[in-house]
Amino acid sequence: MYIQTQFVLALIAFLGLKRREKGRLESFTRMTKVYPNASFTGRVPPCKAEMEEEVMTVWKKSLIFNCNGFTVFDGKGDLVYRVDNYMEGNKGSILLMDANGKALLTIRRKKTSLGLGDNWLVYEGEETMASPRLSVKKSLNIFNNKCLAYVTAGESDGRSNETMYEIEGSYSRRRCAVLDDRRRLAAEIKRKEGGRGVAFGTDIFRLVVQPNNIRTDFAMALVILLDQMF
């Protein structure tokens, strides 16, 4: 009788364990439909780490003979961006390209009425028929001489739209800061120094970008526009 009782208790425990295992398996199956990479370990995927700042060297010279432009290298010395402004047939548009010559952004100047300064519009790729991604306007505020330009989203008639970025400093000295709408640093233009503290001229400088706060190609587009303005 004792052996029979122990057997029945063991059988009940076994059936209960199977039901719990089945319930866990069904829960996991439902979870994997929502989170395809879920595993039996139950660990929470790590959060995406913040991207590190990118330090680029900007050379105010085109790789194509007899052209104005920019050549940009990353921290490893690899070509990342280029601008080749042909002297003829430019028609006011500037293309920011990658190392292979693919157009990343198109910059076009837009005349404004009443002589209130010009806007520069930034489009994705080579498309200028779609809505611009950014509008950049030179600051005309005589009471804020630190501010060089304002950047708004889309097409703007000035500062009527909410400002995304504000550029402060001195481009002629290659000392500029791009600040977002929360006054966080998004990018910097700095003088470049060689070995033993030897400084380069203003045609070679650094562009330091915080990718969490601004796209690197947008930051380079702002460099191009500062060069147009000043």
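1. Confidence. pLDDT is the predictor's confidence in each residue, from 0 to 100. This is a predicted model, and its mean pLDDT is 78. Of its residues, 71% reach 70 or more. One stretch calls for caution: over residues 20-48, pLDDT stays under 50. For that stretch the model has six contacts beyond four places in sequence.

2. Overall make-up. Two helices and twelve strands make up the list of elements. Along the sequence, the order is α-β-β-β-β-β-β-β-β-β-β-β-β-α. A helix thus opens the pattern and a helix ends it, with the strands in between.

3. Burial and surface. The protein has 230 residues, and 37% of them count as buried. The exposed area comes to about 15,200 Å². Carbon and sulfur atoms supply 54% of that area. As for contacts between residues at least 6 apart in sequence, 29% join residues at least 24 apart.

4. The largest pocket. Rolling a probe the size of a water molecule over the atoms shows where empty space is left. The largest pocket has a volume of about 220 Å³. Its lining holds 16 residues. Nearest the centre are Lys61, Ser62, Cys67, Asn68 and Gly69. Three elements give two or more residues to this lining: β2 (68-73), β3 (79-85) and α2 (216-229). By class, the lining of the largest pocket has seven nonpolar residues, six polar and three charged.

5. Val80. This residue sits in strand β3, one of the elements that line the largest pocket. Is Val80 buried or exposed, or something in between? The cut-off for buried is under 20% and for exposed over 50%. Val80 has 23% relative accessibility, so it counts as partly exposed. Beyond its neighbours within four places in sequence, Val80 is in contact with Met56, Val72, Phe73, Asp74, Met97, Asp98 and Ala99. Thr57 is 23 residues from Val80 in sequence, and their C-alpha atoms are 9.9 Å apart.

6. Glu166. Strand β9 holds this residue. Glu166 counts as buried because its relative accessibility is 14%, and the cut-off for buried is under 20%. Which residues does Glu166 contact, leaving aside its neighbours within four places in sequence? They are Asn144, Cys147, Ala149, Tyr150, Ala177, Val178, Leu179 and Arg183. The charged side chain deserves a look in the viewer, along with the contact to Arg183.

7. Positive phi at Arg174. Most residues other than glycine have a negative phi. At Arg174, phi is near 55°, a positive value in a residue other than glycine. Arg174 is in the loop between β9 (163-170) and β10 (175-180). With a relative accessible area of 5%, Arg174 is buried.

8. Positive phi at Arg183. Here too phi is positive, near 65°, in a residue other than glycine. Where does Arg183 lie? Its place is the loop between β10 and β11 (185-191). Arg183 has a relative accessible area of 47%, so it is partly exposed. Arg183 is also one of the contacts of Glu166.

Key: Residues are numbered from 1 along each chain as its sequence is written. This is a predicted model: local features need pLDDT of at least 70, side-chain atom pairs count only at pLDDT 80 or more; totals for chains, interfaces and linings use all residues. Side-chain values use heavy atoms; hydrogens and water are left out. On a 1 Å grid over the protein atoms alone, a cavity is a set of points where a 1.4 Å probe fits but cannot get out, and a pocket is an open set with protein on both sides within 12 Å along at least five of seven lines; lining residues have an atom within 4 Å of a point. Grid points are joined across faces, edges and corners, and a volume is the space filled by probe spheres set on the points. Helices (H or I, at least four residues) and strands (E, at least two) are DSSP runs, numbered from the N terminus. Ala, Val, Leu, Ile, Met, Phe, Trp, Tyr, Cys and Pro count as nonpolar, Asp, Glu, Lys and Arg as charged, and the others, Gly among them, as polar. Buried means under 20% relative accessible area, exposed over 50%, partly exposed in between (1.4 Å probe, protein chains only). Contact means heavy atoms within 4.5 Å. Accessible areas come from the Shrake-Rupley method with a 1.4 Å probe; for residues, only the protein chains shown count as cover.
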